[in-house]
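Work through the following exercises with the sequence and the model side by side. Try each task before reading its solution.

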Amino acid sequence: MSLAQLKELKTVITAKAVANPTHLCAELAVQFGVSRSTMGKWLRALIDEGWLVRQGSRSHPVYKPSLLRQVNRGYELAGLDEQTPWERDFAPCFDLVPNVVRLAHHAFTELLNNAVDHSGGTRVTISMRQNPTHLHLLIKDDGCGVFDRIQDAFHIASPQLALLELSKGKLTTQPELHTGRGLFFTSRLFDVFDLYANQLTYQHNHWQRKEWLKANPLGSNGTAIFMSLALNSTRTLEAVFSSHGRGAQDLSFSRTEVAMRLAHAAGEALESRAQAKRIANRLDAFDAVDLDFEGVDAIGQGFADELFRVFARAHPKVQLQPRNMTAKVAAMVAQAMEERVVSPA
């Protein structure tokens with residue numbers, strides 16, 4: 001068996017074993033143009049690697065997927081609904097505990113729906129893989145790229161600033177169809193979330209609680225999103241929603257997070273009032289905003305004054321909650337907050 005044949009076989013073996021467990025060897029022998037005895041040897045190799053389990057008798061074997069599972073599919077976007085691929089092609093092929101099923105289902109359908117409604121592309125490819133410890137999901141469309149889409153729709157100066165707006169949540173190019181919740185919450189469902197578009201990479205992971213942006217040297221067209229989740233995760237969909245809501249009984253999207261490092265380019269500092277206004281844009285749509293200063297060493301007086309005095313006084317119902325501040329940043333923020341209190345209205 002060549003490496004190319006082995007790779008191709010692994011991409012189809014899970015779905016084939018689910019669809020035709022009793023005649024798997026015969027079907028695959030025809031598909032790959034080899035004898036049944038040759039295919040039997042290939043299947044035994046996959047059993048040894050952890051892709052298959054063989055049950056039944058020697059003459060009537062029954063195959064089932066094992067610890068390693070993978071499904072790859074491609075679809076035309078025109079007329080595609082996001083639920084059918086999940087329930088027909090993917091969900092039956094994986095062995096997941098209930099809370100992980102819900103997280104995967106939500107992420108899968110939200111991202112696929114975004115590709116259908118927003119990408120402007122013609123095709124989408126989806127790959128989902130399960131190993132003994134993790135579930136991986138990759139969805140890629142051939143559209144214009146999410147950052148360019150947001151930049152054009154809202155007349156934003158650069159793809160990086162488009163990402164800043166997108167990361168806040170409640171941003172959508174089709175408000176009649178969407179609320180702008182989808183990508184924000186989807187990025188928080190799995191342990192790792194990597195978004196590639198328009199020569200940029202946006203990453204969010206849970207164990208470091210970081211969000212960052214970097215150049216994407218691949219520069220491929222469209223939007224590609226990779227996600228990874230530990231199979232033993234105890235995270236639930238309700239917990240993710242409630243962490244950005246008003247409580248367990250009110251899941252309104254009322255709390256957002258802003259990674260302040262996204263508001264300036266490499267080598268720049270957060271100095272100006274204009275930069276503060278970019279961050280403050282649309283924050284009045286939330287009750288509380290976590291401002292994460294991780295990776296920001298210092299800020300300017302004008303920036304601090306605009307955000308923590310001018311904006312804060314104009315929107316007293318919005319709670320600005322800075323965190324991960326250096327001593328320099330904390331001192332500048334404290335000064336602006338003090339002047340907000342003592343200065344006349």
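Three exercises follow, on a helix, a core and a cavity.

The model is predicted, so local features need pLDDT of at least 70 and side-chain atom pairs count only at pLDDT 80 or more, while totals for chains, interfaces and linings use all residues. Residues are numbered from 1 along each chain as its sequence is written, and side-chain values use heavy atoms, with hydrogens and water left out.

**Exercise 1. The helix α3**

Task: Compare the expected span of α3 with the distance between its end C-alpha atoms, and then find where its buried residues lie.

Solution. Begin with the limits of the helix: α3 covers residues 36-49 (helices, H or I of at least four residues, and strands, E of at least two, are DSSP runs numbered from the N terminus). The expected span is 1.5 Å times one less than the number of residues, so the 14 residues of α3 should span 20 Å, which agrees with the 20 Å between its end C-alpha atoms.

Next, list the buried residues (under 20% relative accessible area, with exposed over 50% and partly exposed in between, for a 1.4 Å probe and protein chains only): in α3 they are Met39, Gly40, Trp42, Leu43 and Leu46. Seen down the axis, they fall within an arc of 165° (taken from the directions from the helix axis to the C-beta atoms), so they line one face of the helix. On the other side of α3, Lys41 and Asp48 are exposed, whereas Thr38 counts as partly exposed because its relative accessibility is 28%.

Finally, look at what covers the buried residues of α3, which includes α1 (3-19), α2 (24-32), β1 (52-56) and β2 (61-65).

**Exercise 2. The largest nonpolar core**

Task: Which residues touch the most other members of the largest nonpolar core?

Solution. A nonpolar core is a set of buried Ala, Val, Leu, Ile, Met, Phe, Trp, Tyr and Cys residues joined through side-chain atoms within 4.5 Å. Of the 79 residues in the largest one, those touching the most other members are Phe190, Met260, Ile279, Leu291, Leu307 and Leu320. The largest share of this core, 8 residues, comes from helix α5 (residues 98-118). Apart from this core lies another, of 18 residues, among them Ile13, Leu28, Met39 and Leu68.

**Exercise 3. The largest cavity**

Task: Which element gives the most residues to the lining of the largest cavity?

Solution. The elements giving two or more residues to this lining are α7 (159-168), α8 (182-186) and β6 (192-197). Among these, α7 gives the most, with 3 residues.

Key: Contact means heavy atoms within 4.5 Å.
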